[in-house]
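Grab a pencil and get ready to work through a few exercises on how a protein's helices and side chains fit together. Try each task before you read its solution.

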Amino acid sequence: MPDEKKTVLSWALYDWANSAFATTVMAGFFPVFFKQYWSAGTDTVVSTARLGLANSLSGMTVAVLAPVLGAIADSSTTKKRFLLLFAFLGVAMTSGLSLVAQGHWRCAVLLYAVATIGFSGGNVFYDSLLPAVASTGRMDQVSALGYALGYLGGGLLFALNVAMTLHPHAFGLADSGQAVRIAFLTVGLWWAFFSVPIMLFVHEPRPSAAQRGKASVRSGIAQLLRTFREISGLKPIFIFLAAYWLYIDGVDTIVRMAVDYGMSIGFKSNDLILALLITQFVGFP
């Protein structure tokens, strides 16, 4: 395979890797398991509020960190190091969910929130590597490949995880509860394994002295401040960014809370999971 194709595929495979978290954990099994296992015996309104709190805390943390991380990513050549850091954080916390005992909702919330920060923070640096992978004329094509592989990869593992929960004995598991815990572990392993290509085959330019270590952080923060000063004088851009922030946060809330809300108003969890599974394979093409 020519080097360019290898680089593009290696970059796109990270979306294949971490989309398993978005599908199996964030949208699918965590809301179900949180309500039925970690918050067992709790009123549905209370368990929904707890999940909403977890999503709010992780969302606010990402909202504060993302502009700084984005500026650092744009001004440095340490993108892969930061990507590795956040990916490791997400992998470790997601795998840790498989060990949380019934009723320990606080521990589950903490691990989930930190894993979400790892997922979102990693995406900042993953996206920032796109210019190193594709020329300006091919960026949308390469970006679309990443999105498509994300839907496909996340969907394939999710399909396996759904089969495990519906037919646990066929996989040598005791029950559906054990199957869900194993599903969290498979997401961590999947995320880690398919992150290897981007670390090996996607290369950044060599850093200058001004782009190393603490200097890259200082440079990123300085760039962020300059950007805010410039945006303050450009009203259409400011309004667009504020509108997009409100819009996309609403979309993220639906993704993370839809299954919980559905269960709270009487939909069966299996039907909701099936709807998510269909969405994955519709999204791929």
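Below are five exercises, each with a worked solution.

Before you start, note that this is a predicted model, where local features need pLDDT of at least 70, side-chain atom pairs count only at pLDDT 80 or more, and totals for chains, interfaces and linings use all residues. Residues are numbered from 1 along each chain as its sequence is written, and side-chain values use heavy atoms, with hydrogens and water left out.

**Exercise 1. Helix 3 against helix 7**

Task: Work out how helix 3 and helix 7 are oriented relative to each other.

Step 1. Two packed helices are described by the angle between their axes and the distance between the axes. Helices here are DSSP runs of H or I with at least four residues, numbered from the N terminus. Axes are lines fitted to C-alpha atoms, for helices over the stretch in contact, and angles run from 0 to 180 degrees between N-to-C directions.

Step 2. Look up the values: helix 3 covers residues 79-96, helix 7 covers residues 176-193, their angle is about 160 degrees and their axes are 7 Å apart.

Step 3. Now the naming rule: under 35 degrees is roughly parallel, over 145 roughly antiparallel, 65 to 115 roughly perpendicular, and the rest oblique. So helix 3 and helix 7 are roughly antiparallel.

Step 4. Who touches whom? Helix 3 brings A87, G90, V91, T94 and S95, while helix 7 brings F184, L185, V187, G188, W191 and A192. Contact means heavy atoms within 4.5 Å.

Step 5. Sort these residues: 7 are nonpolar, 4 polar and none charged. (Ala, Val, Leu, Ile, Met, Phe, Trp, Tyr, Cys and Pro count as nonpolar, Asp, Glu, Lys and Arg as charged, and the others, Gly among them, as polar.)

**Exercise 2. A closer look at T94**

Task: Decide whether T94 is buried or exposed, and find what it touches.

Step 1. Place the residue: T94 sits in helix 3.

Step 2. Recall the cut-offs: buried is under 20% relative accessible area, exposed is over 50%, and partly exposed is in between (1.4 Å probe, protein chains only). T94 has 0% relative accessibility, so T94 is buried.

Step 3. Skip residues up to four places away in sequence, and the contacts of T94 are F21, V25, A115, F184, V187, G188 and W191.

**Exercise 3. Aromatic pairs**

Task: Classify the ring pair of F21 and W191, then do the same for Y244 and Y247.

Step 1. Rings of Phe, Tyr and Trp (its six-membered ring) pair if their centres lie within 6.5 Å; planes under 30 degrees apart are stacked, over 60 edge-to-face, and the rest tilted. That rule gives 22 aromatic pairs.

Step 2. F21 and W191 have ring centres 5.5 Å apart and planes at 40 degrees, a tilted pair. F21 belongs to helix 1 and W191 to helix 7, 170 residues apart, so this pair links distant parts of the chain.Step 3. F21 is buried at 0% relative accessible area, and W191 is buried at 0% too.

Step 4. The rings of Y244 and Y247 are 6.1 Å apart at their centres, with planes at 45 degrees, so this pair is tilted. Y244 and Y247 lie 3 residues apart in helix 10 (residues 235-264), about one helical turn. Y244 is partly exposed at 43% relative accessibility, whereas Y247 is exposed at 52%.

**Exercise 4. Helix 6 against helix 7**

Task: Name the orientation of helix 6 and helix 7, and list the residues that meet.

Step 1. Helix 6 (residues 139-166) and helix 7 have axes that come within 8 Å and cross at roughly 160 degrees.

Step 2. Apply the angle rule from the opening exercise: helix 6 and helix 7 are therefore roughly antiparallel.

Step 3. G153, L157, N161, M164 and T165 of helix 6 meet S176, A179, V180, I182, A183, T186, V187 and W190 of helix 7. These split into 8 nonpolar, 5 polar and no charged residues.

Step 4. F158 is another residue of helix 6, and it is buried at 0% relative accessibility. The C-alpha atoms of F158 and V187 are 9.0 Å apart, with their positions 29 residues apart along the chain.

**Exercise 5. Helix 1 against helix 10**

Task: Say what the orientation of helix 1 and helix 10 is called.

Step 1. The axes of helix 1 and helix 10 are 8 Å apart, at an angle of about 45 degrees.

Step 2. That makes helix 1 oblique to helix 10.

Step 3. M26, A27, G28, P31, V32, K35 and Q36 of helix 1 touch V255, R256, V259, D260, M263 and S264 of helix 10. By class, that contact has 7 nonpolar, 3 polar and 3 charged residues.

Notes
Helix = DSSP H or I, 4+ residues; strand = E, 2+ residues; numbered from the N terminus.
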